[in-house]
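Biologist: I'm new to this one, so could you pull it up and walk me through it?

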Amino acid sequence: MSKTSGSYLVLENFIGGKFVPCRSHIDSYDPSTGEVYCKVPDSGEEEVEAAVAAATEAFPGWSDRSQEQRAQVLNKLADLIEANLEELAQAESRDQGKTITFARTADIPRAAHNFRFFASSMCHHTTECSELDHMGCLNYTIRCPVGVAGLISPWNLPLYLLTWKIAPAIAAGNTVVAKPSEMTSVTAWMLCKLMQQAGVPPGVVNIVFGTGQRAGNALVSHPEVPLISFTGSTATARLITERSAPYCKKLSLELGGKNPALIFADADLDQCIETTVRSSFSNQGEICLCTSRIYVERSIYSEFLEKFVAAAKKWKTGVPSDPSNNNGALISKEHLQKVRSFIALAKSEGGIIHCGEGVDQLVLPERNANGYFMPATVISGLPDSSRVMQEEIFGPVTCISPFDTEDEAVSKGNGVRYGLSATVWSRDVGKVHRMAKRLQAGLVWTNCWLVRDLNLPFGGMKNSGVGREGGKDSYHFFTEVKSVTIKH
Amino acid sequence: MSKTSGSYLVLENFIGGKFVPCRSHIDSYDPSTGEVYCKVPDSGEEEVEAAVAAATEAFPGWSDRSQEQRAQVLNKLADLIEANLEELAQAESRDQGKTITFARTADIPRAAHNFRFFASSMCHHTTECSELDHMGCLNYTIRCPVGVAGLISPWNLPLYLLTWKIAPAIAAGNTVVAKPSEMTSVTAWMLCKLMQQAGVPPGVVNIVFGTGQRAGNALVSHPEVPLISFTGSTATARLITERSAPYCKKLSLELGGKNPALIFADADLDQCIETTVRSSFSNQVRSFIALAKSEGGIIHCGEGVDQLVLPERNANGYFMPATVISGLPDSSRVMQEEIFGPVTCISPFDTEDEAVSKGNGVRYGLSATVWSRDVGKVHRMAKRLQAGLVWTNCWLVRDLNLPFGGMKNSGVGREGGKDSYHFFTEVKSVTIKH
């Protein structure tokens with residue numbers, strides 16, 4: 001199944017229920033040391049073609065099973081993920097750079113929960129019916145799986161977001177060809193072993209490892225893959241849309257964010273700060289829902305800034321394996337450089353770095369000297385037009401800025417091309433509901449962050465994406481609907 | 001927990017998580033022998049009061065648990081029912097008179113499934129929201145459990161129908177006082193032991209055994225029991241409605257039926273007959289046959305025509321063979337009233353309109369089956385029949401997500417999926433002017 005080549009972990013593609021070696025590989029790094037430790041298949045058209053063929057062959061049998069039969073398999077897989085939680089968490093932490101604590105408490109439990117959630121929710125949907133009495137007609141809708149679902153998942157929450165796509169896709173009766181990020185492929189590969197044990201029939205889920213440019217491109221351009229669910233950058237989404245355009249594919253694109261927190265003078269400041277530190281820096285700031293712009297009502301601005309910086313300084317960055325650390329390493333050398341470049345840009349534009357990069361020294365063990373670490377960084381004094389305030393940084397960096405009126409808070413909050421999430425802090429009922437109504441974001445949290453009812457729609461407005469997933473929305477996305485009219 | 005008094009099985013009430021003996025008892029018979037084998041508590045107001053008090057006390061803690069926490073307990077209970085399937089099936093068959101096969105394959109598996117179904121479906125409901133933009137208002141609905149749910153279940157599918165009520169009631173966060181039929185109380189009592197093992201907290205489900213007239217009456221009349229779900233006869237439902245009337249109780253009444261099968265000339269006759277035999281005779285009780293004879297009906301087989309051969313020990317059991325009657329006018333009481341036995345009446349019709357009016361020509365409206373291959377006929381009949389459930393070219397195919405219940409005198413209200421969620425909760429419409 002895997003060969004260790006030297007001391008490397010060598011992954012293999014998983015096609016038609018078997019592990020299949022690949023001719024060439026991509027280096028995958030341990031972000032906490034900057035060293036290559038894993039070899040990921042560098043798949044291309046040939047491997048994707050084999051996977052699509054396997055998925056196509058497995059589709060009739062899998063889609064013919066009853067909802068309950070499929071649910072049983074998903075629940076078994078959830079059990080196995082839970083039984084292997086520690087091993088999966090260790091692997092995820094090593095592969096991604098996130099802390100072992102985050103992997104143990106967020107990533108892996110959510111992966112199991114994704115399977116349980118869709119196993120049960122898919123058993124309870126109903127469709128619609130109407131009558132056209134005067135025409136003697138009955139109309140009703142029925143839904144059927146689309147066929148082979150192409151799933152492309154990112155490197156920030158690898159197993160969590162991969163399973164968030166696989167679970168509804170196969171629960172609805174589709175078969176899958178998935179292409180995880182080449183930077184974080186290990187837990188996906190481990191999942192394949194668990195899928196074999198769980199009785200997922202061969203070909204129902206196929207995983208093809210590789211880059212977006214080769215494997216991803218082959219998948220989105222494949223004529224026999226009618227549906228693509230992608231989570232990643234807005235730039236890549238554009239390519240996906242263009243490449244899939246000839247085939248009228250259903251697309252669900254979950255992209256970036258530049259999510260604001262709007263903090264009013266009547267906010268519960270202590271609770272707000274505690275939560276906003278978490279929402280700014282969790283997972284090294286590498287969550288599409290992280291808060292990257294904090295707007296504070298002027299009357300409490302100084303107090304907020306002082307308290308927030310003090311709290312940010314307590315957010316510990318260090319080796320991922322130390323359970324007391326809040327942050328580990330960023331995903332890659334390139335990404336660390338990119339985030340650092342935003343900090344340099346901020347400085348050049350007159351921003352003040354209150355803590356973090358260039359201000360506080362990280363103390364790291366010798367073996368982690370070449371890891372991709374950056375401490376929690378807080379910046380103020382930038383104009384809204386700054387690139388640092390407009391573009392997604394996706395690192396442990398947040399920018400703070402004052403506002404005076406509610407209208408200003410709204411226009412600042414909305415003043416970017418993204419629209420994924422927003423948080424509003426105020427005790428006033430009117431303010432909270434008005435802000436929720438006016439903010440251009442697919443998810444609005446008031447006096448909290450990342451509270452998720454998976455039954456409700458998840459997704460972004462504007463350049464943050466197209467489509468929604470979750471509960472009924474995933475059921476709708478992963479099926480085709482047919483309207484039937486019976487004239488009686 | 002139970003004492004054998006002589007050779008009787010003596011049941012006890014289950015209140016506040018404990019088995020509680022009762023002062024007086026009702027005899028319960030083994031229908032296959034006609035002999036008393038079980039003693040059922042003859043509860044009254046005092047026992048019901050204690051149960052309601054226990055349920056009231058348990059309500060805050062149980063309703064405060066998350067949906068997922070409650071689902072875990074329900075799933076555990078389902079596991080235990082499955083683990084004890086054979087013992088429960090034997091007990092149900094002995095108590096009710098039904099075949100061991102029916103108990104093993106229908107009754108007990110459905111009891112487990114009821115808990116699993118509501119454990120998961122209750123985790124996926126959403127409520128509604130709307131805006132009145134011009135008024136600067138947001139409206140949304142939220143639902144909350146009602147409190148103590150009063151559940152009264154019948155003797156035909158004892159554990160199956162008791163759990164069909166308990167599961168959604170407690171999944172939605174309510175606590176329960178249940179009164180099963182005094183004629184078939186054994187599996188309910190066995191369920192109590194399993195509930196203890198499953199970690200159902202004390203007082204969340206209380207079972208008070210007894211008659212409709214004493215225990216049932218006390219329950220439906222209790223001011224602190226705001227909701228009653230009842231399955232049984234139309235006659236008893238009337239009493240329940242009258243007794244609960246002063247308190248504006250939410251009522252779900254699943255009553256009788258006089259369900260027609262409408263069989264057209266283009267029906268797949270073999271499949272139709274096989275299914276219609278199953279749908280006519282799947283349970284057994286008492287006789288209307290003499291009436292049919294006196295009204296000029298012809299008995300083609302069964303009661304009075306074919307002799308049943310039974311072992312000595314079953315000589316006094318309550319057996320009747322599958323009986324088919326024809327030649328009765330639609331106005332006959334045998335054609336109008338619910339018999340609830342292994343008896344069916346066959347009659348011809350000429351036109352589709354006649355089939356509809358004959359099918360609808362009773363005061364009941366629970367279910368109907370239509371046999372025809374013609375798409376138009378099947379959909380037109382479904383549209384025109386006054387029945388809460390219409391099956392075409394099949395019988396008893398149940399998606400528990402869809403509404404179940406009857407029209408006309410077959411009842412009030414619907415249960416299943418969203419309907420049970422709606423029935424077992426109170427809805428609040430909230431308007432926020434922002």
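Modeller: What follows goes through the chain contact, two sheets, a pocket, the cavities and one serine.

Biologist: Before that, what am I looking at, and how is it numbered?

Modeller: This is a predicted model, in which local features need pLDDT of at least 70 and side-chain atom pairs count only at pLDDT 80 or more, while totals for chains, interfaces and linings use all residues. Residues are numbered from 1 along each chain as its sequence is written, chains are lettered from A and ligands numbered from 1 in the order in which they are written, and side-chain values use heavy atoms, with hydrogens and water left out.

Biologist: OK, how many residues does each chain give to the contact?

Modeller: Chain A gives 18 residues and chain B gives 18 residues, where contact means heavy atoms within 4.5 Å. The area buried between chain A and chain B is about 1,600 Å², and carbon and sulfur atoms give 60% of that area; buried area is the accessible area (1.4 Å probe) that two parts lose on being put together, summed over both.

Biologist: And which residues in chain A lose the most area?

Modeller: They are His124(A), Lys437(A) and His488(A), which together make up 38% of what the chain A side buries.

Biologist: Switching to sheets, what is the strand order in the three-stranded one of chain A?

Modeller: The order in that open sheet is β7-β8-β24, with antiparallel pairing. Strands (E, at least two residues) and helices (H or I, at least four) are DSSP runs numbered from the N terminus, and two strands pair if DSSP finds at least two bridges between them. In chain A, β7 and β24 (479-487) each have a single partner strand, so one side of each is left without a neighbour in the sheet.

Biologist: How do β7(A) and β8(A) fit together?

Modeller: They run antiparallel and are joined by four bridges, with Ser130(A) standing opposite Asn139(A) of β8(A). Their hairpin has four residues between the strands, and Gly136(A) takes a positive phi near 65° there.

Biologist: What about chain B, which strands make the open sheet there?

Modeller: In chain B three strands, in the order β7-β8-β23, form an open sheet with antiparallel pairing. The edges are β7 (129-132) and β23 (425-433) of chain B, each with a single partner strand, so one side of each lacks a neighbour in the sheet. Strand β8 (residues 137-145) of chain B pairs with β23(B) over nine bridges, and Leu138(B) has Ile432(B) as its bridge partner in β23(B).

Biologist: Now pockets: how much space is in the second largest?

Modeller: About 1,200 Å³ lies in the second largest pocket. On a 1 Å grid over the protein atoms alone, a pocket is an open set of points with protein on both sides within 12 Å along at least five of seven lines, a cavity is a set where a 1.4 Å probe fits but cannot get out, and lining residues have an atom within 4 Å of a point. Of the 29 residues lining the second largest pocket, the closest to its centre are Cys129(A), Leu138(A), Ala382(B), Val390(B) and Leu402(B).

Biologist: And how many cavities of 30 Å³ or more are there?

Modeller: The search of the whole structure finds three, and the largest cavity has a volume of about 80 Å³.

Biologist: Last one, where is Ser63(B)?

Modeller: Ser63(B) is in helix α1 (residues 45-64) of chain B, and Ser63(B) touches Arg70(B), Pro145(B) and Gly173(B), not counting residues up to four places away in sequence.

Definitions and conventions. Points joined across faces, edges and corners; volume = space filled by probe spheres on them.
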